[in-house]
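Hi everyone, thanks for making time this morning. I'd like to walk you through one model and its ligand site, so let's put it on the screen.

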Amino acid sequence: MPKRIVVLGPPGVGKGTQAKLLSERKRIPTISTGDLLRKSIADGTPLGNTVKEYVESGKLVPDAVITEVVEEWLDSEEAKEGFLLDGFPRTIAQAESLEQILNRQSQKLDCVLYFIAPLDVVKERLFNRAKIEGRSDDTPELIEKRFSVYRQQTEPLVEFYRSRGLLLEVDCTGSIEEVYEKVKSAICS
Ligand code: ADP
């Protein structure tokens, strides 16, 4: 069973849902940067105030800001025996920082779960989630914006991790439990 996992994929692909399931069922400590940033904003913490404008306009927060948060967590007792990163890295610079942090800890990633689904499926999921959860960055304009940010800044990570032999592709169509079965067979293969 891999112990140091990154989940990667476009908005709406359900990677957050699968990350939660894996984390609960396999007891892997997990950080979701999107959840963490939204909570910081809701709580009005200094971090929340710094990132509010970025998150609420569908942009990425600066690499240095998010990397510091993740680095602190990776250095904590909680993440010592293994971790799952949901929402980080999201740029090549973040991925390089992650490599450096893990090198310093004499650790390395075991795998990157790359969630793929047809664009119309992910868009439909996002618009449905927008109706149910009322997330402030889930308006149609911001959904489009997050897709374009994903394509420009995050998609290059697919090749970055593929070239390192870490990429495991998971097809995200199907029910939550069906996708979870695919996740398990990908990581246990
Ligand atoms: P999505 O459902 O679009 O994948 P997330 O919940 O993961 O969104 O993240 C929501 C927002 O939080 C992003 O649009 C971005 O503003 C910010 N964010 C989350 N993770 C990062 C990161 N690693 N680097 C920069 N910004 C981030």
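**A loop, a ligand and two backbone oddities**

Let's start with Leu60, which is found in the loop between α3 (46-56) and α4 (63-74). Please keep in mind that this is a predicted model.

Which residues does Leu60 touch, once we leave out those up to four places away in sequence? They are Tyr54, Arg90, Thr91, Val149 and Gln153. There is also a long-range pairing to look at: Leu60 and Tyr150 are 90 residues apart in sequence, while their C-alpha atoms are 9.3 Å apart in space.

Now for the ligand. The space it takes is the largest pocket. Around the ligand there are 19 residues, and the closest are Thr33, Lys59, Gly87, Gln94 and Arg146. Which helix gives the largest share of that shell? That would be α2 (residues 33-43), with four residues. If you like to think by class, the shell has eight charged, seven nonpolar and four polar residues.

Let me go through some polar pairs, since I know you'll ask about distances. With Lys15, an N or O atom in the side chain is 3.1 Å from an oxygen atom of the ligand. With Val61, the backbone takes part: one of its N or O atoms lies 3.0 Å from a ligand nitrogen. Then comes Arg90, which we just met as a contact of Leu60; a polar side-chain atom of Arg90 lies 3.1 Å from a nitrogen atom of the ligand. As for burial, the ligand taken alone exposes 550 Å², and the protein buries 95% of that.

Last stop, the backbone. Most residues other than glycine have a negative phi, and most peptide bonds are trans. So where should we look in this model? One place is Pro89, in the loop between β3 (83-86) and α5 (92-104). The peptide bond from Phe88 to Pro89 is cis, with omega near 0 degrees. Another is Arg27, in the loop between α1 (15-25) and β2 (30-32). Its phi is positive, near 50 degrees, and Arg27 is not a glycine.

That's my tour, and I'm happy to take questions.

Methods
Residues are numbered from 1 along each chain as its sequence is written. This is a predicted model: local features need pLDDT of at least 70, side-chain atom pairs count only at pLDDT 80 or more; totals for chains, interfaces and linings use all residues. Side-chain values use heavy atoms; hydrogens and water are left out. A residue is near a molecule or strand if one of its heavy atoms lies within 4 Å of it. A polar contact is a pair of N or O atoms within 3.5 Å; within protein, one must be able to donate a hydrogen and the other to accept it, and residues adjacent in sequence count only if both atoms are side-chain atoms. Accessible areas come from the Shrake-Rupley method with a 1.4 Å probe; for residues, only the protein chains shown count as cover. On a 1 Å grid over the protein atoms alone, a cavity is a set of points where a 1.4 Å probe fits but cannot get out, and a pocket is an open set with protein on both sides within 12 Å along at least five of seven lines; lining residues have an atom within 4 Å of a point. A molecule sits in a cavity or pocket if more than half of its atoms lie within 2 Å of its grid points. Ala, Val, Leu, Ile, Met, Phe, Trp, Tyr, Cys and Pro count as nonpolar, Asp, Glu, Lys and Arg as charged, and the others, Gly among them, as polar. Contact means heavy atoms within 4.5 Å.
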